[in-house]
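Here is a walk through one protein chain, written for someone meeting it for the first time. Keep the 3D view open and follow along as you read.

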Amino acid sequence: MNVETNHVQSKKIFVLGGDGFCGWPTSLHLSNLGHEVTIIDNLSRRNIDNELEAESLTPIQPMGTRLNVWEEISGSKIDFLNIDLADEYDQFLDAINEQQPDVIVHFAEQRSAPYSMKSPKHKRYTVNNNMNATHNVLCAIADSGLDIHLVHLGTMGVYGYGTAGMKIPEGYLDIEVKTETGERVEQQILYPTNPGSIYHMTKTQDQLLFHYYNKNDSLRITDLHQGIVWGTNTKETKMDERLINRFDYDGDYGTVLNRFLMQAAVGYPITVHGTGGQTRAFIHIQDTVRCIQLAIENAPGRDERVMIFNQMTETHRVNDLAKLVSELTGGEIAYVSNPRKEAAENDLHVKNDLFLSKGLNPTTLSTGLLQEVTEIAEKYAHRADHTKIPAKSTWTKEQQPGIPEGEEEDLVN
């Protein structure tokens, strides 16, 4: 049963994309806190599973089963609406006007960089889906005239992965402009974006849409620039196996640390792209849901600009993670071609002061949590299709798929 409802003021919350890897555990977490949650999702991620013929390593249940189990064990009901946010504006606006949510949490975007680069069709789908969904959400909030707080899950990738020579600030960069008279004027601008894929490019456009609707319509918006998520389960998804979160391991949707742990668990080489000198920001899935909670509890006022948080807890070089997983599991590391067009190596220094100031107690990399992911991977190893493990989507015709030596023959047999 829910034990946390007395600590928060209950809000009516829409979770857009609430069937996904981050959206599902967030929906349960917010419901367990005593909020009235409605998931809006067109189940597109499940349809992409069908397209790629690569299911979640964990056996995720149909949405109806998930919701029934949650109500059975928690006593809290989560409603569900099947709406395509990129295409069904009127239905979404009707839902807003009928239910009048206090908060809308927006996960409803195609979230994979490799998937967005698979082909011209996938590039166009990602742009159409992500940008239309975000704009329709903003337009509907303004259209409704309601005072709704929008919390959006963005990505650290909007900043790019270059070496800035400084800690990347939380959204805004202090600059100094020299006028014609020689006077120096201090200003703040959105940190210059440098997207590394079509997916990341759509997230940079989200920023501009937020900036405009905040300026023009006084919308209250929090934009969370999230690092790479690792881990699978949260406190709520562990309550019943039928609530288990998805575990993507394929080359398009699997996140790097989870992929390493899964590869080692099934006896597949730990595939490091290029030199492994890329530095990335990371966050555990339990901290993801906690950060959403903190963002909701610390909403900006109507007269405040878009609030931007860097939602990450630590940075690591990919090669260091591979070595750590290898030491933990005994798995073999394979250095493969990098299918992405990016610098071979980069440093990444990121500020995350805002979430720390709001009370986040970061979950950092630990042997115990890594072992927990490994145990899940081993438990469901029989569900893995080894032909789906390599990263085969390439950024340009010059890049090569990231397939380890000796595995090419297996893929064609």
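## Two helices side by side

Let's start with α6 and helix α7 (residues 198-217), which pack at an angle of about 15° with their axes 10 Å apart. That angle makes α6 roughly parallel to α7, and their crossing is right-handed. Keep in mind as you look that this is a predicted model.

Who does the touching? On the α6 side, the contact involves K123, T126, V127, N130, M131, T134, H135, L138, C139 and A142. From α7 come I198, Y199, M201, T202, Q205, D206, L209, F210, Y213 and D217.

## Another partner for α6

α6 also packs with helix α4 (residues 89-99), this time at an angle of about 45°, with the axes 10 Å apart. The two helices are therefore oblique to each other. As for handedness, α4 passes α6 in a right-handed crossing.

In α4, the residues at this meeting place are Y89, F92, L93, I96 and N97. Across from them in α6 sit N136, V137, C139, A140, I141, D143 and S144. C139 is worth a second look: it appears in the contact with α4, and it is listed in the contact with α7 too. At 26% relative accessibility, C139 counts as partly exposed.

## The seven-stranded sheet

Now for the strands. Seven of them form an open sheet in the order β3-β2-β1-β4-β5-β8-β12, and the pairing is parallel. At the edges stand β3 (79-81) and β12 (307-311); each has a single partner strand, so one side of each has no neighbour in the sheet. Going from one strand to the next, the twist averages 20°.

Zoom in on one pair: strand β1 (residues 12-16) and strand β4 (residues 103-106) pair in the parallel sense over four bridges. V15 is a handy place to find this pairing, with V105 as its bridge partner in β4.

Helices pack on this sheet as well. Helix α1 (residues 23-32) touches β1, β2 (36-40) and β4, and its direction makes about 160° with that of β2. Helix α6 (residues 120-144), which you've already met, touches β1, β4, β5 (149-155) and β8 (220-226). The direction of α6 makes about 175° with that of β4.

## The three-stranded sheet

There is also an open sheet of three strands, in the order β9-β11-β13, and here the pairing is mixed. Its edges are β9 (228-230) and β13 (314-317), each with a single partner strand, so one side of each is left without a neighbour in the sheet. On average, neighbouring strands in this sheet are turned by 45° against each other, ignoring direction.

Strand β11 (residues 279-284) pairs with β13 in the antiparallel sense, over four bridges. To spot this pairing, look for T279, which stands opposite R317 in β13. Helix α10 (residues 318-329) lies across β11 and β13, running at about 85° to β13.

## Cysteines without a bond

How many disulfides does a search of the whole structure find? Zero. Take C22 as an example: its sulfur is 11 Å from the closest cysteine sulfur, in C291, and that is too far for a bond, because a disulfide needs the two sulfur atoms within 2.5 Å. C22 itself counts as buried, at 8% relative accessibility.

## Two residues to look up

Where does E304 sit? You'll find E304 in the loop between α9 (285-297) and β12. It counts as partly exposed, with 39% relative accessibility. E304 and S218 are 86 residues apart in sequence, and their C-alpha atoms are 8.1 Å apart in space.

I333 belongs to strand β14 (residues 333-336). At 22% relative accessibility, I333 counts as partly exposed. Leaving out residues up to four places away in sequence, I333 touches I270, V272, A322, K323 and S326. For a sense of distance, try I333 and N32: they are 301 residues apart along the chain, with 40 Å between their C-alpha atoms.

Methods: Residues are numbered from 1 along each chain as its sequence is written. This is a predicted model: local features need pLDDT of at least 70, side-chain atom pairs count only at pLDDT 80 or more; totals for chains, interfaces and linings use all residues. Side-chain values use heavy atoms; hydrogens and water are left out. Buried means under 20% relative accessible area, exposed over 50%, partly exposed in between (1.4 Å probe, protein chains only). Two strands pair if DSSP finds at least two bridges between them. Axes are lines fitted to C-alpha atoms, for helices over the stretch in contact, and angles run from 0 to 180 degrees between N-to-C directions. Contact means heavy atoms within 4.5 Å. Angles under 35 degrees count as roughly parallel, over 145 as roughly antiparallel, 65 to 115 as roughly perpendicular and the rest as oblique. A crossing is left-handed if the near helix is turned anticlockwise from the far one by less than a right angle, and right-handed if clockwise.
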